[in-house]
Amino acid sequence: VGTEYADSSASISSSHELSITLPSIPKFEKQSDMVKYANPACVTIVTDGGFGSGVVINNAGYVLSAYHVVEDANQIDVKFANGLTLSAEILAFDRANDIVLLDINGSGFPALPVSINTEIPLGEEVITIGTPESVDLGQGIAKGLVSGKRLIDNRVYLQVDFSVSPGNSGAPLLNAQGEIIG
């Protein structure tokens, strides 16, 4: 899968890779403890064309979201649960897989790890934390199960048994350990 870089004038060889140090995560006894831990890393992406959701994946301010949330945007802001809003820039994106990596200035941000486990069992309990319907509803939680997995065009699609509302685009799908699985 090819990656497109935000600065199309840059000369980047195909061997260029981004190096990201992902955070470790503690073990949780209760799901509410995991949500309390994960919530500060789940953000609202606000653009001049609308809004969506995202998640901080490292303490240096890299944010994952869905590319269509920021496509054609002139201004991108990342709003945290505590109200802090920071300007963001597109670092890289993959239009075909609808994923974008944003960068916000600063460090010490709350972050969640991306799971490296590719075996996600049917019936696994999952949650998402996003911004359904309105920016005022940021940090909305939906909970359910992985109810299906489909392989289409060499991509694995996870099906969940709960509704994902408009505005939740780009929100992380989290397992019980607080790892991003989708």
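A residue counts as buried when its relative accessible area is under 20%. G148 meets this cut-off, because its relative accessible area is 2%. The model described here is predicted. G148 is found in strand β9. Leaving aside residues up to four places away in sequence, G148 touches L122, Y157, L158 and Q159. The C-alpha atoms of G148 and I120 are 10.0 Å apart, while the two residues are 28 apart in sequence.

Strand β9 belongs to an open sheet of four strands. The order in this sheet is β10-β9-β8-β11, and the pairing is antiparallel. Strands β10 (155-160) and β11 (173-174) stand at the edges. Each has a single partner strand, so one side of each is left without a neighbour in the sheet. Strand β11 pairs with β8 in the antiparallel sense, over two bridges. Within this pairing, I127 has L174 in β11 as its bridge partner. A helix also meets the sheet. Helix α1 (residues 31-38) lies across β8, β9 and β11. The helix runs at about 30 degrees to β8.

L174 also has a place in the nonpolar interior. The largest nonpolar core has 33 residues. Those with the most contacts inside this core are I45, V56, V70, L102, L112 and L174. Strand β7 gives the most to the core, with four residues. The contacts of L174 can be listed in turn, not counting residues up to four places away in sequence. L174 touches M34, A38 and L112. L174 also touches E125, V126, I127 and I129. The list ends with E179 and I180. A second core is separate and has seven residues. Among them are I120, V126, A142 and I181.

Strand β2 (residues 42-47) is mostly covered, with five of its six residues buried. Two pairings of β2 can be described. Strand β3 (residues 50-56) runs antiparallel to β2 and is joined to it by six bridges. In this pairing, G52 in β3 is the bridge partner of I45. I45 is also one of the residues with the most contacts inside the largest nonpolar core. Strands β2 and β3 form a hairpin, with two residues between them. Strand β5 also runs antiparallel to β2, and four bridges join the two. Here T44 stands opposite K79 in β5.

Charged pairs were examined next. Side chains of opposite charge can pair when their charged atoms come close. With a limit of 4 Å between a side-chain nitrogen of Lys or Arg and a carboxyl oxygen of Asp or Glu, the count comes to two salt bridges. In one, R95 pairs with E71, and the closest N and O atoms are 3.6 Å apart. R95 lies in the loop between β6 (85-94) and β7 (99-104), and E71 lies in the loop between α2 (67-70) and β5 (76-79), so the pair ties together parts that are 24 residues apart in sequence. R95 is partly exposed, at 43% relative accessible area. E71 is partly exposed too, at 34%.

K143 and E125 form a salt bridge as well, with the closest N and O atoms 3.9 Å apart. K143 lies in strand β9 (residues 140-152) and E125 in strand β8 (residues 125-130), so this pair ties together parts that are 18 residues apart in sequence. K143 is partly exposed, with a relative accessibility of 48%. E125 is partly exposed, with a relative accessible area of 37%. E125 is also among the residues that L174 touches.

Backbone angles were considered last. Most residues other than glycine have a negative phi. D72 has a positive phi, near 65 degrees. D72 lies in the loop between α2 and β5. At 73% relative accessibility, D72 counts as exposed, because the cut-off for exposed is over 50%. D153 also has a positive phi, near 50 degrees. This residue, D153, is found in the loop between β9 and β10. D153 counts as exposed, with a relative accessibility of 69%.

Technical notes: Residues numbered from 1 in each chain as written. Predicted model: local features only at pLDDT ≥ 70, side-chain atom pairs only at ≥ 80, totals over all residues. Heavy atoms only, no water. Buried < 20%, exposed > 50% of the residue type's maximum accessible area, 1.4 Å probe, protein only. Pairing = 2+ DSSP bridges. Contact = heavy atoms within 4.5 Å. Axes fitted to C-alpha atoms, helices over the stretch in contact; angles between N-to-C directions. Core = buried A, V, L, I, M, F, W, Y, C linked by side-chain atoms within 4.5 Å.
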